[in-house]
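Biologist: Please give me a close look at the salt bridges and at what surrounds them. Plain geometry will do.

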Amino acid sequence: MTTGARSADALFQAGLNSLSRQAWPQAAQAFAQTLAAQPRHMPALLTAGQLALQMGDAALAASLLTRLIKLAPRHTDALNARGAAQLALREPALALLNFDKVAELQPQADFAHANRGLALLAMHRPADALAAFDQALALRPDNALSHGNRGNALSRLHRWDEAIAAFEAALALQPDLHLARWNIGMTQLRLGQWHSGWQHSEARLGLFAAQGWQAPSAALRWTGEAPLTGQRLWVHSEQGLGDTLQFGRFVPLLQEMGAQVVLEVQPPLQGLIAAALPNTEVVSRGQPLPPHDLQCPLMSLPLALHTDASRLPPPLPVQADAALVNRWQARLGPRSRPRVGVVWSGNPQQSDDIHRSIPLATLLPALHPGVEWISLQQEVRPWDEAAMRSGHAQHLRHFGSELQSFGDTAALCAQMDLVVSVCTSVAHLAGSMGKPLWLLAAHTADWRWLTEREDSPWYPSARILRQTQAGDWSGVLQQVSAALDGMR
């Protein structure tokens with residue numbers, strides 16, 4: 001063994017030691033040093049790639065694993081990990097090629113077929129995904145995760161009862177599989193079965209705790225039973241901006257029950273929600289906890305309040321700041337055509353984003369020429385940047401970093417005659433402001449948009465336009481264009 005090889009092996013062992021202590025940055029540095037000393041060190045390439053994926057750098061993971069696969073084309077661990085990295089990079093077709101190769105090399109490996117199913121789901125092929133999960137379960141019937149993913153495929157096929165049965169099978173095998181129970185809740189809410197849906201959706205808190213979240217308060221949890229008169233109730237947001245806008249409507253009900261509510265929200269929403277709830281103490285997440293007697297997660301309020309469609313309070317009365325409205329009115333200039341705000345993508349980290357967001361290259365050619373299109377989102381994703389530089393983008397006014405806050409977004413939204421949006425926070429903003437909203441819904445829409453219906457009990461100003469086929473936005477965009485004919 002050469003001196004260089006011995007040095008590389010020593011560095012690799014140091015990386016493994018750091019990994020065993022969960023000192024990930026130190027481990028990554030040691031593996032990088034290993035590869036600098038010996039670029040073809042296959043164990044280091046594999047472990048560094050897997051670690052990069054775990055640390056959220058899917059591009060680095062794919063690069064390292066590709067180097068290894070060039071050295072060892074039949075290395076199933078590397079192929080499997082590269083497939084996972086490509087899924088994270090929103091390249092499901094490439095991921096499927098890797099998983100297919102693993103299944104070919106190890107046909108009895110249930111995980112290979114299960115991973116094929118995940119890629120096929122991301123490719124909007126739920127029937128093929130279901131077959132892959134069935135194959136995985138034929139090899140390993142006791143795999144709770146495969147039962148849960150089978151339920152996801154059945155949901156995409158709108159086979160709701162079978163989906164719930166699959167999630168229940170997962171729970172029978174692994175009672176603490178919080179995601180499966182949460183999925184039961186989301187399915188029931190989607191079907192309008194709100195009482196049991198709210199109960200099962202409480203499993204999200206167990207899932208968050210398993211992922212490292214800790215409740216920031218040790219105060220007694222309010223579940224709807226204890227009297228609220230004279231009590232300071234701390235209500236804390238937990239998920240996205242849209243969820244906070246949607247569920248903030250329940251705060252006035254708590255005040256009618258005698259509570260002094262302290263509402264914690266994400267910093268971008270603090271000003272808007274404080275103005276909408278002038279009798280409520282609204283604080284930004286991250287500030288010191290104010291004194292309180294009880295606490296409740298915001299999205300647990302419907303359960304505590306026994307909410308169904310007949311007992312749904314109106315949306316928060318959100319209004320944009322007048323000074324910002326004037327500023328954006330001047331920025332837009334004189335109006336010559338109807339103004340339509342558009343949002344085509346949400347947070348890319350959201351678990352269902354690949355289904356709910358529209359590629360900008362798909363959207364731009366469909367923009368109706370009879371209206372003035374205004375982008376209501378600040379960021380353009382890396383995979384949409386080329387489309388934004390294309391000739392079609394001349395029909396879309398995009399302000400980018402000029403939207404410095406969510407207050408700016410609200411002020412720009414206030415100038416619109418109509419908002420056309422996928423399922424993301426701006427849709428909730430428009431609905432809360434009472435703006436006409438056309439919600440572009442995936443074939444299996446988020447639970448809050450229910451199934452089949454074109455209206456929403458959450459937002460009276462909303463109209464829901466749904467995909468008729470998974471992954472195909474053409475029909476929805478044609479509906480938008482046809483409906484806009486009447487606005488000119």
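Modeller: A salt bridge here is a side-chain nitrogen of Lys or Arg within 4 Å of a carboxyl oxygen of Asp or Glu. The model is predicted, so local features need pLDDT of at least 70 and side-chain atom pairs pLDDT 80 or more, while totals for chains, interfaces and linings use all residues. Residues are numbered from 1 along each chain as its sequence is written, and side-chain values use heavy atoms, without hydrogens or water.

Over the whole structure, the search gives 21 salt bridges. One of them joins aspartate 243 to arginine 448, with 2.9 Å from N to O. Its two ends are 205 residues apart in the chain: aspartate 243 belongs to helix H14 (residues 241-247), and arginine 448 to the loop that runs from strand S10 (437-441) to strand S11 (462-466). Helices (H or I, at least four residues) and strands (E, at least two) are DSSP runs, numbered from the N terminus. Both aspartate 243 and arginine 448 are buried, that is, under 20% relative accessible area; exposed is over 50% and partly exposed lies in between (1.4 Å probe, protein chains only).

The loop that holds arginine 448 also holds leucine 450. The phi of leucine 450 is near 55 degrees, which is positive although the residue is not a glycine. Most residues other than glycine have a negative phi. Leucine 450 counts as buried because its relative accessibility is 8%.

A second bridge pairs arginine 397 with glutamate 372, at 2.7 Å from N to O. This pair also links distant parts of the chain, since arginine 397 sits in strand S8 (residues 396-397) and glutamate 372 in strand S7, 25 residues away. Its ends differ in burial: glutamate 372 has 7% relative accessibility and is therefore buried, whereas arginine 397 has 27% and is therefore partly exposed.

In a third bridge, aspartate 455 meets arginine 453 at 2.8 Å from N to O. Aspartate 455 has a relative accessible area of 40%, so it is partly exposed, and arginine 453, at 33%, also counts as partly exposed. Elsewhere, salt bridges with shared partners tie Arg90, Asp353, Arg356 and Arg381 into one network.

Close to a member of that network there is a charged residue left without a partner. Aspartate 384 is buried and has no salt bridge; the nearest side chain of opposite charge is that of arginine 381, 5.2 Å away. For charge, Lys and Arg count as positive and Asp and Glu as negative, with His and the chain ends not counted. Aspartate 384 is placed in the loop from strand S7 (372-375) to helix H21 (385-388). A polar atom of its side chain lies 3.1 Å from the backbone nitrogen of leucine 360.

Residue 360 begins helix H20 (residues 360-363), which supplies 3 residues to the lining of the second largest pocket, the most of any contributor. A pocket is an open set of points on a 1 Å grid where a 1.4 Å probe fits, with protein on both sides within 12 Å along at least five of seven lines; lining residues have an atom within 4 Å of a point. The lining of this pocket comprises 18 residues, and those nearest its centre are Arg90, His124, Ile354, Ser357 and Pro359. Arg90 is thus part of the lining as well as of the network. Histidine 124 lies in the loop between helix H7 (110-122) and helix H8 (126-139). Its phi is near 65 degrees, again positive in a residue other than glycine. With a relative accessible area of 25%, histidine 124 is partly exposed.

How values were computed. Polar contact = N/O pair within 3.5 Å; in protein donor to acceptor, adjacent residues only side chain to side chain.
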